[in-house]
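Trainee: Could you take one part of this model and go through it closely? I would like a connected account rather than a list.

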Amino acid sequence: MRCKKVLSHLNAYADHELSDRLSREIDDHLRDCGMCRIQFKRILQVGASLNALGVLPVPVGFAERIMSEARSRVLLGAEKKSFFAWDGFSLQWLSELSVPVRLAACTMVLLAFFLGMTMSREISLSGNNQATASRETDMEGFEWFSPSPPESLEHTYMILASSFDVGDMTR
Amino acid sequence: MTVISDDQLMQAVAHGDLDAFNKIVLRYQHHAWRTACRLLGDAMEAEDVAQETFLKILKAAPRYRPTASFRTYLYTIVYRLCLDTCKKSRPSLMDTIPDRPSASPSAVDNLVSKECGEEIRHALESLPLNQRTAIILKHDEGLSYAEIAQVMDTSLKSVEMFIRRARENLQSKLSHLK
C-alpha cells in the first residue's frame with residue numbers, strides 16, 4: 001500500500017473505523033515506513049494531549065435541579081391539559097399522530113372548508129336568480145303605471161328610436 | 001440485577017414515570033455536561049444546555065421512537081443547543097477565536113491546574129465548532145464516525161475531514177509541548 005493512501009486513512013485507522021483487511025494492510029505498511037509511523041505517532045500524541053484535560057465533574061446538585069424543574073413542568077402541563085379537556089375529551093391524540101397523517105387531516109379539513117364555501121356561493125347565486133324571476137313575475141300588470149306604458153306615444157317613440165342606426169342620420 | 005435499557009426507560013417516561021426519567025438523568029448527566037462544557041468552554045452555559053437537554057427529552061418522550069440509539073439522540077440535542085448558544089451569545093465560537101483566556105473565571109479553569117492543560121483547553125476552544133464537536137464526540141464520548149455524522153447531521157466524509165483537520169490544528173498549536 002502506498003504512503004498517500006495510508007496517510008488518507010490514518011485518522012480512521014487510529015480511531016478503529018476501518019475494516020479488518022484495510023487495518024492489516026496499514027499495520028504492514030507502518031511496520032516498514034518510518035514517515036507514516038511518525039505521522040501516526042503525532043495523531044496519538046494529540047489524543048494524549050486531550051487526555052491531559054482530565055475528567056470534568058458534574059456540578060453538585062445538578063440532577064436534583066433537573067428533577068425539580070421537571071416536576072414543576074409536569075405539574076404545569078397537567079393543569080393546562082385539564083383546562084382544555086372537555087368532558088374527558090382531549091386533543092392529546094392529535095399530537096400523537098405522525099406528521100403525514102396530520103398533514104392529510106389538515107388537507108381534508110381545508111378541502112371541506114373550500115367545498116362548503118363554493119357550494120354556499122352557488123346556492124346564494126341561484127337564490128338571487130330566483131328572486132329576480134319572482135320580482136319580474138310580481139311586476140306583471142303594473143307596467144301601465146311606468147313612465148312609458150305600452151301603447152303610449154313615448155313607448156312608441158322609444159321603439160322607433162332603437163330601430164334607427166345613428167350612422168344613417170349623420171350622412 | 002437486570003439493567004433496564006434506555007428505550008424501556010423512555011417508554012416509562014412517556015407514560016409519566018418521573019422515576020424512570022431520574023434514572024435517565026443519572027445515567028447520562030456526565031455525558032451531557034462534559035460534552036456541553038467542552039463545546040462551550042463555560043461551565044454556567046454548559047449547565048444550562050445540559051439541563052435544557054434533559055427537559056427537552058422529557059417533553060419529547062411521548063413522541064420518542066428508538067430509530068437510533070438513545071445516546072445518539074441525547075448528543076444530537078446537546079449539539080444543537082450548543083449550536084444555538086454559540087450563534088446567539090458567542091458567534092465567534094462558530095469559527096476560530098483569538099488566543100486569549102476567557103474573561104470570567106469558571107469551574108473549568110479551576111479544574112485544569114497545569115499550564116499545559118490550560119494551553120490544551122484553549123487550543124481545543126480555538127477550533128471551529130464543527131471540528132471541536134467531531135473530535136470531542138470521538139475522543140471523549142467514544143462515538144463512531146457514523147454516530148457522529150448522525151449527531152451533526154452530516155456525511156461520514158465530512159466527519160473524517162473534521163477530525164483530520166481538528167488533529168492537524170491541535171498538532172500545530174501544541175507542537176511546542178512535549
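Mentor: What follows starts from the helices of chain B, looks closely at the end of that chain, and then turns to the core and to chain A.

This is a predicted model. Chain B has nine helices and zero strands, so its pattern along the sequence is simply α-α-α-α-α-α-α-α-α. Of its 178 residues, 42% are buried. Among the contacts in chain B with a separation of 6 or more, 68% join residues 24 or more positions apart.

The part to look at is the pair H8(B) and H9(B). Helix H8 of chain B covers residues 145-152, and helix H9 of chain B covers residues 156-173. Their axes are 9 Å apart and meet at an angle of about 100°. An angle of 65 to 115 degrees counts as roughly perpendicular, and H8(B) and H9(B) are therefore roughly perpendicular to each other. On the H8(B) side, the contact is made by Tyr145(B), Ala146(B), Ile148(B), Ala149(B) and Met152(B). H9(B) supplies Leu156(B), Val159(B) and Glu160(B). By class, these residues are seven nonpolar, no polar and one charged. The spacing along such a helix has a general background: an α-helix has 3.6 residues a turn, so residues three or four places apart point the same way.

Between the two helices, the loop from H8 to H9 of chain B holds Asp153(B). The phi of Asp153(B) is near 55°, a positive value in a residue other than glycine. Asp153(B) has 10 C-beta neighbours inside 10 Å and therefore counts as exposed. Chain A offers a parallel case in His16(A), which lies in the loop between helix H1 (3-14) and helix H2 (20-32) of chain A. The phi of His16(A) is also near 55° and positive, again in a residue other than glycine. With 8 C-beta neighbours inside 10 Å, His16(A) counts as exposed.

From the contact, Ile148(B) leads into the core. The largest nonpolar core has 54 residues, and Ile148(B) is one of those with the most contacts inside it, along with Ala36(B), Val78(B) and Ala134(B). H2(B) gives the most to this core, with 10 residues. Ala36(B), leaving aside its neighbours within four places in sequence, is in contact with Ala46(B), Val49(B), Ala50(B), Val78(B) and Cys82(B). Ala134(B) is among the buried residues of H7(B). In H7(B), 11 of the 11 residues are buried, so this helix is largely enclosed by the rest of the structure. The buried residues of H7(B) include Arg132(B), Lys138(B) and His139(B) as well as Leu129(B), Ile135(B) and Ile136(B).

Several of these helices also face the other chain. In total, 34 residues of chain B are in contact with 27 residues of chain A. The elements giving two or more residues to that side of chain B are helix H2 (18-40), helix H3 (43-60), helix H5 (107-111), helix H6 (115-125), helix H7 (129-139) and H9 of chain B. H2(B) gives the most here, with 10 residues. The side of chain B that touches chain A has 19 nonpolar, eight polar and seven charged residues.

Chain A itself has eight helices and zero strands. Buried residues make up 7% of its 171 residues. In chain A, residues 24 or more positions apart account for 46% of the contacts with a separation of 6 or more.

How values were computed: Residues numbered from 1 in each chain as written. Chains lettered and ligands numbered in written order. Predicted model: local features only at pLDDT ≥ 70, side-chain atom pairs only at ≥ 80, totals over all residues. Axes fitted to C-alpha atoms, helices over the stretch in contact; angles between N-to-C directions. Helix = DSSP H or I, 4+ residues; strand = E, 2+ residues; numbered from the N terminus. Parallel < 35°, antiparallel > 145°, perpendicular 65-115°, else oblique. Contact = placed C-beta atoms within 7 Å. Nonpolar A, V, L, I, M, F, W, Y, C, P; charged D, E, K, R; others polar. Buried ≥ 20, exposed ≤ 12 C-beta atoms within 10 Å, placed from the backbone. Core = buried A, V, L, I, M, F, W, Y, C linked by C-beta atoms within 7 Å.
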